[in-house]
Amino acid sequence: GGSTNPALAGGRSGGRAGGSFGRSSYRPPPISRPMHRPGGSRSPMLHPGMYRRHPAIYFMPRPGYYNNRGDLGGSGAAVSDAPTSSAGSESGEVIEMNDLVATTNERTSPNAMSSSRRGTKVVDPITYYAALTGVYGMIVYKANRSKNASGDVTNGSALGPGVSVGRLTVSLDISDRDDPNNALARIGDIAKKANIRSRKGVQSLVADVSLELLRQEAAVSAACSSYSHLKSEGAAERTYYQLSTVERSKFDRESINKFGGKNGLEEIIDDADNVGRVSGEPPQNKATSAVVTLIFQIEGDQTKIPTLTSRSDLKNALLRIAADAQTEEALLGAEVLWTPERRGDSITEQEVASLYPELRIL
């Protein structure tokens, strides 16, 4: 006896768990390998911006030492070839590093230049390389700023450029709702225990649900998938939420809704054992069909799931999603949706075919 609450009885119940966190601001620094001389020597080669500690001399042309064509005179080819002449000679001279700064004003003074090259300055290597480094840094900064303004995700991810957005839907046959090891019961338990406040928690949620679906392979009757790759994180996020909204609209009520991330925390958990049926009355149907859907957005172009035509395709897709979702911080967002959720609810094969026409029998 008792009356049924019309607000709770009837209709399809569903569950949702997941989170969306966006791109992490931290990226591990790239690994740079030192350059080595050919022939097996381990002594690093010099390149712009690197200096040895031990050189003590530079061979530089004397100020004003130019020939009639305006070219630098003398060989100036190597330190070992540098002549050591008196300060008044017209050949090159060896300048100690200690004297390099002290003589800069003298060498760059217009009075020290010949009349034909007055105003020409000799720039020491430190100033030259500092200027070169500054120009290079400005070019890189402007390039990164332009890339960030467009929202493109083109590097920094172990899984490649851009963002992958996908959906994988599986239909299962549940023979006994009272069995605590049936797919719906197991996924419900995983969702309730999941820490959806953190990216790591959602990564574990996706991996655990994928593993559970692999274990429940015998109960799978049909499956389908969709995939898209986008350059912009903003476009990927819009596509992700469109997929989520479409799937959630197939439920009349979400008796479990746990979703966390950058937009805060949303958490609703009803008493799934009692909601939707007459108090004290046992559930009428122990057998039901069920549908579980995984939606994800993962950095890179590696999480491409093909059209599912066999159980082997489904297995490979679940393995790839589980692995990529746990790679560094590549998971931008993911959620698991399942129906029915309430203990007294059931769904027929005809209803599944009507709500999920893309499903293909495996």
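Q: In which loop is Pro-340 found?
A: In this predicted model, the peptide bond that leads from Thr-339 to Pro-340 is cis, with omega near -5°. Most peptide bonds, by contrast, are trans. Pro-340 belongs to the loop between β9 and α8 (349-355).

Q: Is Glu-328 buried, partly exposed or exposed?
A: Glu-328 lies in the loop between α7 and β9. Its phi is near 45°, a positive value in a residue other than glycine. The relative accessibility of Glu-328 is 43%, which falls between the limits of 20% and 50%. Glu-328 therefore counts as partly exposed.

Q: Which strands are the edge strands of the open sheet of 8 strands?
A: The sheet is open, has mixed pairing and follows the order β7-β6-β1-β9-β8-β4-β5-β10. An edge strand here is one that pairs on one side only. The strands that do so are β7 and β10 (360-361).

Q: Why is strand β6 described as largely enclosed by the rest of the structure?
A: Strand β6 spans residues 253-261. In the sheet order, β6 stands between β7 and β1. The description rests on burial, because the buried residues of β6 number 7 of the 9.

Q: In which sense do strands β1 and β6 pair, parallel or antiparallel?
A: Strand β1 covers residues 13-20, and 8 bridges join it to β6. Within this pair, Ser-13 stands opposite Arg-253 in β6. The sense of the pairing is parallel.

Q: Which residue takes a positive phi in the hairpin of β6 and β7?
A: β6 pairs with strand β7 (residues 266-269) in the antiparallel sense over 4 bridges, and Lys-258 stands opposite Glu-267 in β7. The hairpin has 4 residues between the strands. The residue with a positive phi, near 100°, is Gly-264.

Q: What is the bridge partner of Val-163 in β5?
A: β4 (163-174) pairs with strand β5 (residues 220-230) in the antiparallel sense, over 10 bridges. In β5, the residue bridged to Val-163 is Leu-230.

Q: Which strands does helix α7 touch as it packs on the sheet?
A: Helix α7 comprises residues 311-325. The direction of α7 makes about 130° with that of β4. The strands touched by α7 are β4, β5, β8 and β9.

Q: What arc do the buried residues of α4 cover around the axis?
A: Helix α4 (residues 183-193) has Ala-183, Leu-184, Ile-187, Gly-188, Ile-190 and Ala-191 buried. These residues lie on the same side of α4, because their arc around the axis is only 160°. Their cover includes β1, β4, α5 (199-215), β6, β8 (288-299) and β9 (331-339). The arc asked for is 160°.

Q: Which backbone nitrogen does a side-chain oxygen of Asn-182 reach at the start of α4?
A: The oxygen belongs to the side chain of Asn-182, at the start of α4. It comes to within 2.9 Å of the backbone nitrogen of Leu-184.

Q: Are α4 and α5 roughly parallel or roughly antiparallel to each other?
A: The residues Arg-186, Ile-187, Ile-190 and Ala-191 in α4 meet Leu-205, Asp-208, Val-209, Glu-212, Leu-213 and Arg-215 in α5. The axes of α4 and α5 come within 10 Å and cross at roughly 170°. Since angles over 145 degrees count as roughly antiparallel, α4 and α5 are roughly antiparallel.

Q: What percentage of the residues of the protein count as buried?
A: The protein has 8 helices and 10 strands. Of its 362 residues, the portion that counts as buried is 37%.

Note on methods
Residues are numbered from 1 along each chain as its sequence is written. This is a predicted model: local features need pLDDT of at least 70, side-chain atom pairs count only at pLDDT 80 or more; totals for chains, interfaces and linings use all residues. Side-chain values use heavy atoms; hydrogens and water are left out. Buried means under 20% relative accessible area, exposed over 50%, partly exposed in between (1.4 Å probe, protein chains only). Helices (H or I, at least four residues) and strands (E, at least two) are DSSP runs, numbered from the N terminus. Two strands pair if DSSP finds at least two bridges between them. The arc is that of the directions from the helix axis to the C-beta atoms. Contact means heavy atoms within 4.5 Å. A polar contact is a pair of N or O atoms within 3.5 Å; within protein, one must be able to donate a hydrogen and the other to accept it, and residues adjacent in sequence count only if both atoms are side-chain atoms. Axes are lines fitted to C-alpha atoms, for helices over the stretch in contact, and angles run from 0 to 180 degrees between N-to-C directions. Angles under 35 degrees count as roughly parallel, over 145 as roughly antiparallel, 65 to 115 as roughly perpendicular and the rest as oblique.
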